[in-house]
Amino acid sequence: MRRRIVLLTGFLLLGGAGVATASPTTDGLDWAPCEEGSTVMCAPMTVPIDWDDRSLGTIDVIVARTEATGQKVGTLVYMPGGPGDSGVNRLLRGNVVPAAVAEKYDVVSYDPRGTNRSNPVVCDADLVANLPETVPDAGARLADVQEYARDLGESCRQHTGPLVDHVDNVSVAHDIDALRAELGERKVTLYGRSYGTLAGQMYAENFPHRVRGLVLDSVFDHSLPAREFLTTEASFAEDSFVEFEKWCAADASCVLHGQDVGQVYGELWERALRGELPMPAAALNQQLVNRFYGPAWANAATLLQSLADGARIAAQEEVTPFPLGAFCTDHKVRISSQREWESLWRDQKAAAPTVRTHFAWGAVSLCSAWPADTPNPQHRTRLDDDVPPVLIMNALHDPATGYGWAKSVHRQVGGALLTYDGWGHGVTDRNDCTRAVFTRYVLERKTPRPGTHCAV
């Protein structure tokens with residue numbers, strides 16, 4: 001399902017596998033160029049739909065590989081997040097690790113089960129294109145949202161089959177371990193970024209003896225119940241908006257320089273609620289917060305100014321696909337009434353008095369009636385002593401996986417927390433300092449000292 005409404009976007013997972021000496025140059029996979037003339041090689045890997053019940057059949061997960069640029073000493077597994085990102089496409093666009101790591105490691109990735117080339121979940125196109133209103137302040141009704149979720153989910157099951165119940169991150173972790181075995185690696189170094197860090201956590205939880213190292217960049221906290229998840233996500237969006245306001249006040253190049261940016265957004269929000277913008281309020285929030293990922297502050301200011309000036313901007317501009325089913329199989333959500341739903345809305349709006357919400361609101365609301373199993377419900381990550389020290393990396397001002405989540409996961413898994421004293425989503429490739437911390441961990445398995453920060 002390639003949904004043109006982003007309910008949570010931009011999440012990325014990278015992964016690394018490595019051993020002290022070079023891995024075999026042959027394995028059980030049938031490699032061929034991913035595209036004509038490409039040096040990136042692809043292969044199908046057959047895995048069961050349900051790792052606990054092989055009678056449901058199999059699917060092919062498509063994997064990709066780029067070779068080390070120098071003397072190879074091991075293999076890195078790049079695991080895309082999103083959920084719904086394509087690891088194959090990421091490798092086709094260029095290498096995904098610092099040059100010093102790419103010199104010594106093959107990089108292997110894949111399209112996660114149920115997405116892209118790996119048996120994508122297919123749903124009714126008309127339903128996919130017609131999401132109902134999800135903002136209570138605009139008159140949305142939980143009953144309508146839940147009816148839509150049930151209809152959409154049943155259409156996905158009709159077109160896809162039992163895979164819709166098995167696109168969770170524990171299933172992905174099993175796929176990762178199957179890939180490790182195919183590659184002939186005894187242990188792997190996992191590098192996860194954003195929502196993909198959940199796959200890294202689930203792999204380490206379920207296969208602790210196979211972990212050589214684990215990097216969690218912009219980490220997802222899977223321990224949160226729905227109310228806390230929504231309020232923290234909204235607070236992260238609000239924090240990034242405050243940083244955006246500061247930039248605009250200080251930088252004369254901002255097209256809103258000298259204006260009350262919060263007021264500009266607030267007026268646009270009210271217009272969206274009244275149907276006076278070319279997009280609903282949820283899409284306004286989504287488009288703005290998406291621009292904080294870079295961050296692309298100048299672009300965010302231009303968006304708000306253009307809308308204030310009456311420009312016709314498509315509601316689906318710059319929207320990333322979001323396979324809702326993957327999120328719902330990792331999150332058990334129960335909302336029993338309109339009153340409870342509106343209580344959740346008020347709490348997350350109180351956490352974000354300016355931006356009002358985070359577009360994660362839509363995903364959580366739909367998951368409350370998604371007609372599929374939840375094999376990987378929320379829980380604290382539990383790692384045993386077989387897992388080596390974990391490296392967590394996070395920006396102070398991240399609009400999606402905020403610093404509070406990094407501190408929470410750090411308390412759960414231990415290890416070291418590297419703080420990037422800046423903005424945006426994704427830390428590893430921010431500057432020489434963050435790249436050096438990542439590279440030293442992967443190549444030498446050394447974590448930074450407690451309290452280490454990388455300046456902007």
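# Disulfides, cores and a helix pair

Cysteine 328 and cysteine 367 are both buried. In this predicted model, the two residues form a disulfide, with their sulfur atoms 2.1 Å apart. The torsion about the S-S bond of cysteine 328 and cysteine 367 is about -90°, so this disulfide is left-handed. Cysteine 328 belongs to helix 11 (residues 324-328) and cysteine 367 to helix 13 (residues 360-367), so the bond ties together parts that are 39 residues apart in sequence.

This link is one of five disulfides that the structure holds. A disulfide is a covalent bond between the sulfur atoms of two cysteines. Counting bonded cysteines along the chain, the disulfides follow the pattern 1-2, 3-4, 5-6, 7-8, 9-10.

Another of the disulfides joins cysteine 123 to cysteine 156, with an S to S distance of 1.9 Å. The link of cysteine 123 and cysteine 156 has 105° about the S-S bond and is right-handed. Distant parts of the chain are linked by this pair, 33 residues apart: cysteine 123 sits in the loop between strand 6 (105-110) and helix 3 (125-128), and cysteine 156 sits in helix 4 (residues 142-160). Cysteine 123 has 11% relative accessibility and counts as buried, because the limit for buried is under 20%. Cysteine 156 is buried too, with a relative accessible area of 0%.

Cysteine 433 and cysteine 454 also form a disulfide, and their sulfur atoms are 1.9 Å apart. Here the torsion about the S-S bond is about -70°, so the disulfide of cysteine 433 and cysteine 454 is left-handed. The pair links distant parts of the chain, 21 residues apart, with cysteine 433 in helix 15 (residues 432-444) and cysteine 454 in strand 11 (residues 453-454). Is each end of this link buried or partly exposed? Cysteine 433, at 30% relative accessibility, counts as partly exposed, whereas cysteine 454 is buried, with a relative accessible area of 0%.

From the disulfides the account turns to the nonpolar cores. The largest nonpolar core has 115 residues, and Phe244 and Leu304 are those with the most contacts inside it. Helix 7 (residues 226-250) gives the most to this core, contributing ten residues. Leaving aside residues up to four places away in sequence, phenylalanine 244 touches Val261, Phe292, Trp297, Ala300, Ala301 and Leu304. A second core, separate from that one, has 27 residues, among them Cys42, Met393, Ala395 and Leu418.

Helix 7 also pairs with helix 14 (residues 403-413): their axes come within 9 Å and cross at roughly 130°. That angle makes helix 7 oblique to helix 14, because only angles over 145 degrees count as roughly antiparallel and 65 to 115 as roughly perpendicular. On the helix 7 side, Phe229, Thr232, Glu233 and Phe236 meet Tyr403, Gly404 and Trp405 of helix 14.

One charged side chain remains to be placed, that of arginine 291. Arginine 291 lies in the loop between helix 9 (281-290) and helix 10 (297-308). With 5% relative accessibility, arginine 291 counts as buried. What does the side chain of arginine 291 reach? The side chain of arginine 291 reaches the backbone oxygen of glutamine 287, at 2.8 Å.

Definitions and conventions. Residues numbered from 1 in each chain as written. Predicted model: local features only at pLDDT ≥ 70, side-chain atom pairs only at ≥ 80, totals over all residues. Heavy atoms only, no water. Core = buried A, V, L, I, M, F, W, Y, C linked by side-chain atoms within 4.5 Å. Buried < 20%, exposed > 50% of the residue type's maximum accessible area, 1.4 Å probe, protein only. Helix = DSSP H or I, 4+ residues; strand = E, 2+ residues; numbered from the N terminus. Contact = heavy atoms within 4.5 Å. Disulfide = S-S within 2.5 Å. Polar contact = N/O pair within 3.5 Å; in protein donor to acceptor, adjacent residues only side chain to side chain. Axes fitted to C-alpha atoms, helices over the stretch in contact; angles between N-to-C directions. Parallel < 35°, antiparallel > 145°, perpendicular 65-115°, else oblique.
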